[in-house]
Every structure is written in C-alpha cells, then in structure tokens.
Amino acid sequence: MNLIPTRTNLDKMATSATTIQLEAKLEQALERNEFRLEYQPQIDIDNGAVAGFEALLRWQPKGAHDVSPWEFIPLLESSGLINRVGAWIIDTACAHWREWTERRLVSPEARLGINVSACQFAEGNLVQLLEEALRKYNLDPASIEIELTESAVMLDTHRTRKALRQIRRLGIGLSMDDFGTGYATMAYLRRFRFDTLKIDRSFIQRIRTKKKDLAIAMSMIQLAHILELRTVVEGVETPEQLASLRRMGCGVAQGHYFARPLPAGDIPDFLRDWRGIDGIPLALAASR
C-alpha cells in the first residue's frame, strides 16, 4: 500500500480543511454582523421604470474579502444554518422595503424578490416568518415575492403544495427562479401556481450568436405570455441583448447593463438618480 499522499488526496485534504474553517466562521457570522444584503434593480424595459429589486446575500468575514455565495451558501445549507440566516434575510429585506416604500422611493407596483433555499422551504418555518414580517413592517403582501428554484418545489410535493397555498393565502407572490435549467420545470408550472418566471442568464448570454439559445428564450417568454405570468430575465449585460429582449416582448430585466447589486444604503440615491434606460427620461420612455 502506498502511504505517500497523492496530489489528488492533498487537494482533497486542503479543500476539506478550508470547508471546516469556513463553517466555523459561518457559525459566528450572524453574531458579528458579517452578513449584509445587496439589491439588484429590476427594470421594466417598456418604460424604463424600476419594477423592483432582488435581495442578494453577501458575506465578508472580519479582516477578509467577500466570500463567493457559490462557496458559502451550500455550506449554510449543509450545516443547517440556512434557517437562521434565512430568517435574518426576510426580516432585514422587509425592513429595508418598509423604509423605501414609506419614503415613496419605489412605486406601489414595485416588488421585492427574496430568495428562499430548498432547505429552508422544506424544513424551516417560512410561512410564520413571512407572516411576522408582514405584520411587523406593515407591508403590502403583494409587493413581496418569494423566489424558489425547481429544487425547492420538488423536495416534497405534499409539503410543497401546502406551503405554497399558505404563502398565497398571505397574499405574497411566487416566482420560479432559474427557469429552464431544471429537469421538470414544465410539470411544476402546471402543478403549482406562480406569478413570475425568472429566465436564467445562461439563455441570454448568447442570444445574439446562437440560434438555439434565441429560440429557447423566445419560447419561454411566449409561454409566460400564454400563462399570463410576469417575465424577468436575468444577466442582461449589453444593449444588443436588451434590444433582442424588447423584440421578444420581455417585460422586466435585470443585469449589469442597468446596475450591479447595490448596498441598501445606496438604493435611495439610485432611485432618485435613475433616469430610465439609456438615459431616456421615464415620461418620454412611457410615451414611446
């Protein structure tokens, strides 16, 4: 037996050690206020108005740079910490939304999207948290939208159906996130009632160069129209992509072309300074 560690084993050991270190730091992150939320604007591409925001979790350990969500969110889920952090996300996002609506910085039609992990949806007290936040911050339920991936709704069909009914009873909207990337998305659209389809960025990146990606994006937007669902396209980065989406009849888009995710403290200035798409004043854009 070869007892000398191979390069592969050494890499695995290093990765495991890093994971253990991150998990230990995550245990203390809430107490140390290391988590924060950033908000990416969602833009109505017909009139250039801000249609809402998506709340995004960020983590910066003390004395270190931001850790990628792709790294720490799976650790939150595997360690069971996602329920505690998820409760903090809901409360914090609703507090910010209350401030912006109270100051009339956002329109009455605007929506706040809050991501919920599959683990939190299946195991946590999500409905109770949402009910408490609505009451605590006196929010219009219709202005809040819970974003769920297919992996969240397929964990337990009976439990899922019950939770979705309860969320709907509160008046909160439901959005299917990363639409088109799962294995049985169409079946879940038929089985469950959603308000919004969020089309994954992977279908948008190459719509100008790949006919298949263009055809798929068009078919998803048309499907949303048929089902009378709101459409949000993620990952818009170029004016060419925006022009294609306009031709396809997409309703709402988000991406770096409009704005990167912003700290909560920057949102009031963003909303006051926003002049519409490509600098076109909102009044003129609405009249086109």
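Partly exposed means a relative accessible area between the buried limit of under 20% and the exposed limit of over 50%. The exercises below use this predicted model.

**Exercise 1.** Find how D269 and R272 are placed in the chain, and say whether R272 is buried, exposed or partly exposed.

*Solution.* Start with the contact: D269 and R272 form a salt bridge, with N and O 2.7 Å apart. Next, look at the helix. Both residues sit in α11 (residues 267-273), and because they are three residues apart, about one helical turn separates them. Now check accessibility. R272 has 43% relative accessibility, so R272 is partly exposed. D269, at 42%, is partly exposed as well.

**Exercise 2.** Name the residues that shared salt-bridge partners join into one network with R36.

*Solution.* The network consists of R36, E38, R58 and D66. One of its links can be followed directly: the side chains of R36 and E38 meet at 3.1 Å, N to O. Then compare each accessibility with the cut-offs. E38 has a relative accessible area of 11%, so E38 is buried. R36 reaches 26% and is therefore partly exposed.

**Exercise 3.** Work out which parts of the chain are linked by E31 and R84.

*Solution.* First, confirm the salt bridge: the closest N and O atoms of E31 and R84 are 2.9 Å apart. Then place each partner. E31 lies in the loop between α1 (7-29) and β1 (35-44), while R84 belongs to helix α3 (residues 82-102). The two are 53 residues apart, and the pair links distant parts of the chain. Finally, E31 is exposed at 54%, whereas R84 is partly exposed at 39%.

Definitions and conventions:
Residues numbered from 1 in each chain as written. Predicted model: local features only at pLDDT ≥ 70, side-chain atom pairs only at ≥ 80, totals over all residues. Heavy atoms only, no water. Salt bridge = Lys/Arg side-chain N within 4 Å of Asp/Glu carboxyl O. Helix = DSSP H or I, 4+ residues; strand = E, 2+ residues; numbered from the N terminus. Buried < 20%, exposed > 50% of the residue type's maximum accessible area, 1.4 Å probe, protein only.
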